[in-house]
Amino acid sequence: MKKTIFVLLVILPLMAGNGFATVYTGSVGPELTYTLDSGTGHVVIEGRGAMTSDDLSNYPKREYVKTVSFPEGLTSICANAFHGCYNLQSIVLPDSVVSIGAYAFQECTKLTTVNLGKGIKTIDTQAFIFCTALRKVRWSDCLESIGNMAFYNCTNLGDTVFFPKTFKTMGWEAFGSENYNSASKVMVWEAIHANDFIRYESDVPGECHFTHIIFGDSVEYIPNMLCKFMYNDSITLPETVKAIGASAFTNCSRLQKIHIPEGVTSIGASAFAGCKKLKQLVLPAGLQEIPEQLCNLCEALDSVRLPAGLTIIPQKAFNGCSALRSIKIPNSVTNIGNNAFAGCPLDTVVLPSSLNVLGDGVFNQLFLSTSPKHLVLNDKLVATGMGTFANWSDLESIVIGKNVSILGQDCFMADSLVTDITCYASQPPLIYDATFDGVPDTATVHVLSGSVAAYRSAQYWSRFRIVALDGEEIIQRSVTVDPGQTTADFTWPTDSAAHSYQIDIYKDGAVFCKLTLGARGQLLAINFSAPGREMSNLKSQISNADSCQPYTLSFKVTGLDEASRYTYVLSVLDENDTPLHVYVGDFATLGYSGELQYDGNELIPTPPIIPGDPDGQSVITGIEETGSEVPEQKAIIEGRLLFITPQGTYDITGKRIE
């Protein structure tokens, strides 16, 4: 008997969790197709060319996408391609892909790793925004640009962010976040010359925020705002760097030290502003100018070296540097801008002889507890601004150069300890009702004898005690000079009995050079002890036809040694070469770290005081203390000035000569 067998064929849908799996197919480009298995969540893209359709991001397909296989030959990921695929976990792009479109992976909140391949050049606006689980990115070696907010709020991205030599452009808030303190990325910056970054219009904190930055050895330019909120303790810029952009290191709150190579010739505004722990700054010698607010509010900054050729210190360059107690201003600076050193507790202020103009509030100490005791405004200075030297709590004396014509409102406001003002201007400088507000009416103003009447009748000067200069005025305080290119200005009162003037300059106790001037300030002789030295631009002039008035001598000595201290002795001699007055002072070339010992005062009428003996032996210290036991003579022996006394022979430093 023949049996008939019936086969029952049942086609069951694939199970996907508690439901049934569906296979989706479609096109995402002219030559690209895809297959999506909703059960496994795997997408296979096949073909080549550019991805142009965001079909995979449409409901309900985007809910299923977990992994994607991309084909070799794919050239781009289009805008919104995987937008909202919140189950997508990782992507590996082939090396053929050169660009990722805007919002391509926006809100892929489970995406943890991304391999960009070797070909990616551009990542467009918000491409990975709100990928909050993203931890690791394999960066392309030929990346050129990252768009605005491309990785915004990728708060777990703690891996190294690599910017290759090819990198050129980064959009605002590219790595920002709503809470910038949560970012923890390390930047490796090898970009040769990237464009300046654009500030987000609402200035939201967090733009370009990295915990640490490492510079490659090919970088030529540091873009503006590159390291905002960066946490390095120290930075060494490669020797290839030529320029630093504006705000490049603004608000780097942990930065204490930065090495700037000598090849840097340009630095942008506010480059280090707000670096509250930055302690030292050495600016390269080739820098011709410094920008506004360079170190504004760098509260820990206590050491700055300015380049020798600097001509302008702009506004707020060192405003609020509340640890900066000293600054050597190069003898090339002609203009210092508003509030350049406001709020700096400077112990001394030595203005360069080249200075022409001082702006508003330049040295306003803002009620700090200490200030310099003495101030000299040089002969080239023409005007000061408002509040320039206000709130100097310890200021006692002021010397005003002959060319000063305007002292601004509140210039010396609240300088209540000033008792002595010397002004060499023949006509009273213009001052205002509050220029000396707070300076006591009892202060004495010393002026040229022919100008006494003019000052006594001048508005706002007349409240002070006006007297004529006499022969006991200070001639020069300690100054710092630049080796090889410095003009040192000497001013001293003349004496009707003077036959000549002699200036001896010493280094290490030995004569460096000797100047002899006639009674009217004319140059008679120059002698040098060392070969290869020279003196240029020598000139002397009489400031007033009246022989009772002070002469001014200006000269430039070239060939000075760096980091060295020099001493000068200026002798006012009668016809028998007997000293009528002797003044001693010193100056140092940049780099000298010791203390300057003299302040330019006349030490004794005649002969000079012998400085203290370093070996602790008793030496002559002055007429009043030693009575008749005064030095009997001085002699030049083998180019050295020696003082011969009953107690022994001493050189200019006070060292006993056996």
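In the predicted model, strand β3 is joined to strand β4 (residues 32–37) by 6 bridges, and the two strands run antiparallel. Within this pairing, Tyr24 stands opposite Leu36 of β4. Both strands belong to an open sheet of 4 strands, arranged in the order β3-β4-β5-β7 with mixed pairing. The edges of this sheet are formed by β3 (23–29) and β7 (67–69), each of which pairs on one side only, and the twist from one strand to the next averages 20 degrees. A further pairing, of parallel sense, is found between β29 and strand β31 (residues 397–400), where 4 bridges are present. The side chains of β29 (residues 374–377) alternate along the strand: Leu375 and Leu377 point to one face and are buried, whereas His374 and Val376 point to the other face and are not. Of these residues, Leu375 has Ile398 of β31 as its bridge partner.

Aromatic contacts were examined next. A search of the whole structure yields 24 aromatic pairs. One of them is formed by Phe128 and Phe151, whose ring centres are 5.0 Å apart and whose planes meet at 5 degrees, so that the pair is classed as stacked, the limit for this class being an angle under 30 degrees. Because Phe128 lies in the loop between β12 (122–123) and β13 (136–138), while Phe151 lies in the loop between β14 (145–146) and β15 (160–163), the pair ties together parts that are 23 residues apart in sequence. Both partners are buried, with a relative accessible area of 0% for Phe128 and of 2% for Phe151. Phe163 and Trp189 form another aromatic pair, in this case tilted, with 5.1 Å from centre to centre and 45 degrees between the planes. Since Phe163 is located in strand β15 and Trp189 in strand β17 (residues 186–189), this pair links parts of the chain that are 26 residues apart in sequence. Phe163 is buried at a relative accessible area of 0%, and for Trp189, likewise buried, the value is 0%. These four residues are members of one aromatic cluster, which is made up of Phe70, Phe82, Phe105, Phe128, Trp139, Phe151, Phe163, Phe167, Phe175, Trp189 and Phe197.

The structure holds 0 disulfides. For Cys154, the closest cysteine sulfur is that of Cys131, at 5.2 Å, which is too far for a bond because a disulfide requires the two sulfur atoms to be within 2.5 Å. Cys154 counts as buried, with a relative accessibility of 3%.

Several features of the backbone and its surroundings were also noted. Most residues other than glycine have a negative phi, and most peptide bonds are trans. The peptide bond from Tyr59 to Pro60, however, is cis, with omega near -5 degrees, and Pro60 is placed in the loop between β6 (49–50) and α1 (61–64). The ring of Tyr59 also takes part in a contact with Arg62, the charged end of which sits over this ring at 4.1 Å from its centre. A positive phi, near 55 degrees, is found at Ser247, a residue other than glycine; Ser247 is situated in the loop between β21 (243–244) and β22 (257–259) and is buried, with a relative accessible area of 12%. Leu297, which is not a glycine either, has a positive phi of about 65 degrees. Leu297 lies in the loop between β24 (280–282) and β25 (303–305) and, at 37% relative accessibility, counts as partly exposed.

How values were computed:
Residues are numbered from 1 along each chain as its sequence is written. This is a predicted model: local features need pLDDT of at least 70, side-chain atom pairs count only at pLDDT 80 or more; totals for chains, interfaces and linings use all residues. Side-chain values use heavy atoms; hydrogens and water are left out. Rings of Phe, Tyr and Trp (its six-membered ring) pair if their centres lie within 6.5 Å; planes under 30 degrees apart count as stacked, over 60 as edge-to-face and the rest as tilted. Buried means under 20% relative accessible area, exposed over 50%, partly exposed in between (1.4 Å probe, protein chains only). A charge sits over a ring if NZ of Lys or CZ of Arg is within 6 Å of the ring centre and within 35 degrees of the ring normal. Two strands pair if DSSP finds at least two bridges between them. Axes are lines fitted to C-alpha atoms, for helices over the stretch in contact, and angles run from 0 to 180 degrees between N-to-C directions.
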